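Trainee: I have a structure open and would like to practise reading it. Could we go through it together?

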Amino acid sequence: TIGTARDSLVCTAPPQPSPRVVVVDLKDNRGVSVLRIASTATFEYFQQTSIVRMTPTFGPLRPVPPAKNTITVTGSYFPRNGKYNCRFGDCLALTARRLDEATIVCDMPTLARGSPLPISVSSDSQTFSEEGGREGLFTAYEVTSISPRCASEEGVAIATVSGRYLIDNLDATRTPDLYTCSFGRGSTRFYS
């Protein structure tokens with residue numbers, strides 16, 4: 001079909017039995033080769049990418065700028081010339097960049113609310129990996145309220161911080177005893 005840019009064609013790559021690099025050959029409507037683009041148009045078929053590990057597995061819904069939620073995905077295959085992307089649920093990452101053949105780094109997009117999000121990755125920005133169970137799950141947590149919101153300067157009030165997905169009993173890095181509250185310069189441990 002005719003592409004969106006002037007003098008471009010859009011071709012659908014047929015399936016191949018195994019990963020490999022092939023040369024793109026342009027043919028006319030009779031099937032006769034009109035141009036073989038050997039040096040400039042190779043096309044790589046690669047193994048489907050998959051997620052092996054992801055860090056971190058959780059982060060705040062809206063980090064305090066300039067911080068952002070950046071995840072490192074270790075996977076099965078990220079080819080050198082890929083066009084990488086990560087998907088957080090239904091939303092595409094702000095950026096995705098390759099570190100090496102097994103690692104990409106993705107910046108989480110802005111989301112409406114905290115939730116567990118299945119992560120999938122792509123080396124061509126079209127075909128995404130299957131969602132990988134717990135190793136492919138990122139949880140965006142959020143604080144929804146603090147009560148009470150004020151106390152005397154003596155600082156004896158117990159404040160309750162409520163939210164969505166703050167605690168995960170299956171994740172040893174997200175238990176209540178690992179959090180602290182900071183009130184200006186003073187800090188205190190959470191009470192469970």
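Trainee: What is the make-up by class of the lining of the largest pocket?

Mentor: Happy to help, and keep in mind that this is a predicted model. The lining of the largest pocket has 9 nonpolar and 3 charged residues. The rest of that lining is polar, and the count for that class is 12.

Trainee: Which strand gives the most to the lining of the largest pocket?

Mentor: Let's start with the pocket itself, which has a volume of about 710 Å³. Its lining counts 24 residues, and among those nearest the centre are Phe43, Glu44 and Tyr45. The top contribution from a strand is 4 residues, and it comes from strand 4 (residues 42-45).

Trainee: Now the cysteines: which two does a disulfide join?

Mentor: A search of the whole structure gives 1 disulfide. Its S to S distance is 1.7 Å, within the 2.5 Å cut-off. One partner sits in strand 8 (residues 85-88) and the other in strand 11 (residues 103-107), 20 residues apart, so the pair links distant parts of the chain. The two are cysteine 86 and cysteine 106.

Trainee: Is cysteine 150 buried or exposed?

Mentor: For contrast, cysteine 86 and cysteine 106 are both buried, while cysteine 91 has a relative accessible area of 33% and is partly exposed. A residue counts as exposed when its relative accessible area is over 50%. Cysteine 150 has 64% relative accessibility, so the word for cysteine 150 is exposed.

Terms used
Residues are numbered from 1 along each chain as its sequence is written. This is a predicted model: local features need pLDDT of at least 70, side-chain atom pairs count only at pLDDT 80 or more; totals for chains, interfaces and linings use all residues. Side-chain values use heavy atoms; hydrogens and water are left out. Helices (H or I, at least four residues) and strands (E, at least two) are DSSP runs, numbered from the N terminus. Buried means under 20% relative accessible area, exposed over 50%, partly exposed in between (1.4 Å probe, protein chains only). On a 1 Å grid over the protein atoms alone, a cavity is a set of points where a 1.4 Å probe fits but cannot get out, and a pocket is an open set with protein on both sides within 12 Å along at least five of seven lines; lining residues have an atom within 4 Å of a point. Grid points are joined across faces, edges and corners, and a volume is the space filled by probe spheres set on the points. Ala, Val, Leu, Ile, Met, Phe, Trp, Tyr, Cys and Pro count as nonpolar, Asp, Glu, Lys and Arg as charged, and the others, Gly among them, as polar.
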